[in-house]
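Trainee: I would like to learn how to read single features in a model before I trust any overall picture. Can we go through some together?

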Amino acid sequence: MKKISTKINISILAVVITVLTFVGAILIVNMTVDYHRDFEKTVLPLLEDGAVSQIDSVDKAKNYLDNKSQQLCNTSVKDYYIFLNGNIVKSSASGGIIEKSAVLNKGLLGEFAVTDSITDKIICCAKPLENGILIYIVDTKRELLDGIYEISFLFLQALIIGIGLALLLSFIISKRLTASLKKLEYGAKRMSKGEFEKIEIKTADEVGSLCRVFNEMGSQIQDDFNTLKQAETSRKEFVANVSHELKTPLTVIKSYSQTLCNTQVDSDTQKKFLTVIDSEVDRMTDIVSQLLKISRLEQKITANEKIDLFKICTDIADTLKFEADKKGIEITVNGKGETKADFDKTVTVITNLLTNAVKYSKQGGRVIISVKDNSVSVWDNGIGIDKEDLKHVFERFYRTDKARSRQTGGSGLGLAIALECAKAMNARITVQSEINEYTKFELIYDEH
Ligand code: ADP
């Protein structure tokens, strides 16, 4: 049995048939029990009457029963038989053969007996009297059988109508149910081809919630898929960037060393060339060590220790004093603050922000570090960053002015490293800037 709709049809039909049969059976049993009770209620009072015990002849018995015939046949037709010494002598039945029964046998043996099982073909009662007389009353259950026949016919009609209705109902239900399931199947097939399409949810039942879960699963897979695609794109970009960054110093080294090998140059020029080669090698070493730092950051566990932000800032400012003095830049550290974070990563972030502030400040500029609980901001009144560039400054190898940055020794990795560190500590870095006016980077530790 393949189709769900067929299964539903069969189930509904089975329910309808079972219910109707069960109700019919209960009705028939109740009718039969009532019929038997009715017999007892009618016949027994007549035979237990005081007048019956005084009957001593067949004629008296016949008279008594004839007088009571209306009462006897009140609800159903009953025949009486009067036996004398085991032979039928009088009867209300017009001919026919009397069926043998256990009740009659007991009566003939002088015992009072009544039918006690509702499954018996007839209901009867035997009452032995004086002088070998026996009154035997029989109900052939004709009225009951007629009733049962009528009821069965009615039930058969109800069954036919019920089956018709059930077929219609099951057709509607299965159509609605399988419509959602078909959509689900269609969605799953498309998903297997990498096409994510939301399924329209029409019902609030289990199939509806299955569709909802399916949709959620679809968007989750799509998100993961997009993230993977993005990661793949940025990995490719990263490899291209690294290659490009290393290619420039390598080209310089190659051309200078070739010149040194192939041309006769004086010792001054030789020294100049070697200095260039040396500084390009330093540059490459710097790039590689920064890249290693980023990859280590991605794996390293982050500590959560109590750190004094003011002390960290003043210590870093001291180490940069020489560079700042060269450009006549004044560094000020304000405020105070303590937080729980990773000491090394905090030092890396602030060092990178402060180095940039000094690096990108003009001669005689100002750098102000403001410390608060859970945040450190580094402000400078240097060259500033263009609005367009602001969106990209945290990307690896991004530099607003490649030529100038190369001159200042920038690799475009400092802010990327700072951001990785902040993320690892559950912190953020915000940036605000106006070109040629100011730049403010802020490290904010979110609640942890
Ligand atoms: P770099 O090693 O080139 O300094 P960073 O990742 O530290 O790399 O910075 C990326 C770019 O953001 C820099 O090249 C520079 O153009 C810009 N930048 C960073 N800090 C500042 C600042 N304080 N003022 C102006 N420009 C800045």
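Trainee: Does asparagine 215 count as buried or exposed?

Mentor: Keep in mind that this is a predicted model. Burial is judged by relative accessible area, and buried means under 20%. Asparagine 215 has 9% relative accessibility, so it counts as buried. This residue sits in helix H7.

Trainee: What does the side chain of asparagine 215 reach?

Mentor: It reaches the backbone nitrogen of isoleucine 199, at 2.8 Å.

Trainee: Which other residues of H7 are buried?

Mentor: Asparagine 215 is listed together with Val207, Gly208, Cys211, Phe214, Gly218, Val242, Glu245, Leu246, Pro249, Ile253 and Leu260.

Trainee: How do I check whether the span of H7 agrees with its number of residues?

Mentor: Take 1.5 Å a residue and compare the result with the distance between the end C-alpha atoms. The 57 residues of H7 should span 84 Å, and the ends are 81 Å apart, so the two agree.

Trainee: What caps the N-terminal end of H7?

Mentor: Aspartate 205 does, with a side-chain oxygen 3.3 Å from the backbone nitrogen of valine 207. Valine 207 also serves as a distance marker for the loop between H6 and H7, where phenylalanine 196 is placed. The C-alpha atoms of phenylalanine 196 and valine 207 are 19 Å apart, with these positions eleven residues apart along the chain as the separation. Phenylalanine 196 is partly exposed, at 23% relative accessibility.

Trainee: Where does H7 come into a pocket?

Mentor: In the second largest pocket, H7 (residues 206–262) gives the largest share of the lining, eight residues. The volume of this pocket is about 430 Å³. It is lined by 13 residues, and those closest to its centre are Gln230, Thr233, Ser234, Arg235 and Glu237. By type, the lining has four nonpolar, four polar and five charged residues.

Trainee: How do I see whether a helix has a buried face?

Mentor: Start from the geometry. An α-helix has 3.6 residues a turn, so residues three or four places apart point the same way. Now take helix H3 (residues 58–67), where Val58, Ala61, Tyr64 and Leu65 are buried. Viewed down the axis of H3, these buried residues fall within an arc of 125 degrees, so they line one face of the helix. The face turned away from them carries the exposed residues Asp59 and Asn67.

Trainee: What does helix H11 give for the span check?

Mentor: H11 (residues 343–359) has 17 residues and reaches 24 Å from its first C-alpha to its last, close to the 24 Å expected. At its start, a side-chain oxygen of aspartate 342 comes to within 3.1 Å of the backbone nitrogen of aspartate 344. The buried residues of H11 include Val349, Ile350, Leu353 and Leu354, and polar ones such as Thr346 and Asn352 are also listed as buried.

Trainee: Which residues other than glycine have a positive phi?

Mentor: Lysine 141 is one of them, with phi near 65 degrees. It is found in the loop between strand S5 (133–139) and helix H6 (142–192), and is buried, with a relative accessible area of 5%. Asparagine 374 is another, with phi near 70 degrees. Its loop joins strand S9 (366–372) and strand S10 (375–380). Asparagine 374 is partly exposed, at 24%.

Trainee: How far apart in space are isoleucine 8 and isoleucine 173?

Mentor: Separation in sequence and separation in space should be read side by side. These two are 165 residues apart in sequence and 8.2 Å apart in space, C-alpha to C-alpha. Isoleucine 8 belongs to helix H1 (residues 4–47) and counts as buried, at 16% relative accessibility. For another pair, lysine 175 and serine 117 are 58 residues apart in sequence and 50 Å apart in space. Lysine 175 lies in helix H6 and is exposed, with a relative accessible area of 52%.

Trainee: With what does the side chain of threonine 439 make a polar contact?

Mentor: The partner is the side chain of serine 433, at 3.0 Å. Threonine 439 is placed in strand S12 (residues 438–445) and counts as buried, at 5% relative accessibility.

Terms used
Residues numbered from 1 in each chain as written. Predicted model: local features only at pLDDT ≥ 70, side-chain atom pairs only at ≥ 80, totals over all residues. Heavy atoms only, no water. 1 Å grid on protein atoms, 1.4 Å probe; cavity = no way out; pocket = protein on both sides within 12 Å on 5 of 7 lines; lining within 4 Å. Points joined across faces, edges and corners; volume = space filled by probe spheres on them. Helix = DSSP H or I, 4+ residues; strand = E, 2+ residues; numbered from the N terminus. Expected span 1.5 Å × (residues − 1). Buried < 20%, exposed > 50% of the residue type's maximum accessible area, 1.4 Å probe, protein only. Polar contact = N/O pair within 3.5 Å; in protein donor to acceptor, adjacent residues only side chain to side chain. Arc of directions from axis to C-beta.
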